[in-house]
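The questions below ask how certain labels are justified by computed values. Each answer sets a value against the definition it must meet.

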Amino acid sequence: MPSNLYFGHGEAWLGIRNASGQVTEFAISLPQINSLSIELTRETIEHVSKRTAVAGKDLKVTRMVGASGKMSCSTHTKELLAQYLYGEVVAVSGGAFTANANVFPSGITSGQILPLPNNRTHVSSLVITDSAGAPATLALGTNYEIVDPDAGLIKFLNITGFTQPFKAAGTEAPGANVSVLTRRVLERWLRFKGINIANDDKIVVVDLYRCQFEPASDWKLLNDGSDVNSYELNFEALIDPTKPATDPLGQYGRYRELS
């Protein structure tokens, strides 16, 4: 039944803006938002008159306004992880890699655990050879063991009689890398579709034109308890200079609901 109360559910999208201030693509979906809140701020200048025995404030005027927000999100994709970590998604093509381009450092001793050259992970069909004129192949289980093929870790065992440096050939699975803290600024258009379940599931839409996000405040890699990861994100809404100050919808954002 319709009411004048609000209790919100919903989802959001993050858009990429062009130089004209238009969204070119809502490239990141946020279907699993735990919370989203906006805080509006106002900075004023004031004057106190002391011309009488009892001083009194005779001026208070707004000098600056602003908006900031907090969002908690459980969605975990490589695109969102790049958002959380201030990074970029870089594709890993995978496929076969050759020995000559994947050389271990020299001076390896028995018992050492090393990463595969070029930090390759998720590998299969691994073959390790030495640098003799007619390269000798190291035997799995005798000269080396694969500690973890997904982590790309090799332990060298008995390597007496081989010519270093060793070389690795094999196959790496395709995938994606996400860099960490490679951005200085991360700005998105935020669109939120809200469902007011206290008012007959009325749909509302909120747009914030320029949200400058901070990196996630926490990144859990090993979990306990029964909850999935939740990423806490803070952002500040900035003025959109492509919209005139006289625009009836303003320069920060808009709230839209059905009649």
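Q: How do you know that the sulfur of C73 is too far from the closest cysteine sulfur for a bond?
A: In this predicted model, the closest cysteine sulfur to that of C73 belongs to C211 and lies 14 Å away, whereas a disulfide requires a pair of cysteine sulfur atoms within 2.5 Å. The separation therefore fails the criterion, and the pair is too far apart for a bond. Seen from the other side, C211 is in no disulfide, its nearest cysteine sulfur being that of C73, and a search of the whole structure finds zero disulfides.

Q: Why is C73 called buried or exposed, and what is said of C211?
A: Buried means under 20% relative accessible area. C73 has a relative accessible area of 0%, so the residue is called buried, and C211, with a value of 0%, is buried as well.

Q: What makes V180 buried, partly exposed or exposed?
A: The relative accessible area of V180 is 46%, and because the partly exposed class lies between the buried limit of 20% and the exposed limit of 50%, V180 is partly exposed. This residue is placed in the loop between β12 (175-178) and β13 (187-196).

Q: Which residues form a nonpolar patch on the surface with V180?
A: The other members are L181, W219 and L221, and the four residues together have about 430 Å² of accessible area. Membership calls for over 30% relative accessible area, a limit that the 46% of V180 passes.

Q: How do you know that β9 and β10 pair?
A: Two strands pair if at least two bridges are found between them, and four bridges join strand β9 (residues 144-148) to β10, so the criterion is met, with the strands running antiparallel. One of the partnerships places Y144 opposite F156 in β10. In the hairpin of these strands, which has four residues between them, G152 takes a positive phi near 70 degrees.

Q: Which side chains of β10 are buried?
A: Along β10 (residues 153-156) the side chains alternate, with I154 and F156 pointing to one face and buried, while L153 and K155 point to the other and are not. L153 stands opposite P115, and β7 (residues 113-115) is joined to β10 by three bridges in the antiparallel sense.

Q: Why are β6 and β8 said to stand at the edges of their sheet?
A: The open sheet has three strands in the order β6-β11-β8, with antiparallel pairing. β6 (95-97) and β8 (123-129) each have a single partner strand, so one side of each is left without a neighbour in the sheet.

Notes: Residues are numbered from 1 along each chain as its sequence is written. This is a predicted model: local features need pLDDT of at least 70, side-chain atom pairs count only at pLDDT 80 or more; totals for chains, interfaces and linings use all residues. Side-chain values use heavy atoms; hydrogens and water are left out. Patches are made of residues with over 30% relative accessible area and no salt bridge: like charges are joined within 9 Å, nonpolar side chains (Val, Leu, Ile, Met, Phe, Trp, Tyr) within 5 Å. Accessible areas come from the Shrake-Rupley method with a 1.4 Å probe; for residues, only the protein chains shown count as cover. A salt bridge is a side-chain nitrogen of Lys or Arg within 4 Å of a carboxyl oxygen of Asp or Glu. Helices (H or I, at least four residues) and strands (E, at least two) are DSSP runs, numbered from the N terminus. Buried means under 20% relative accessible area, exposed over 50%, partly exposed in between (1.4 Å probe, protein chains only).
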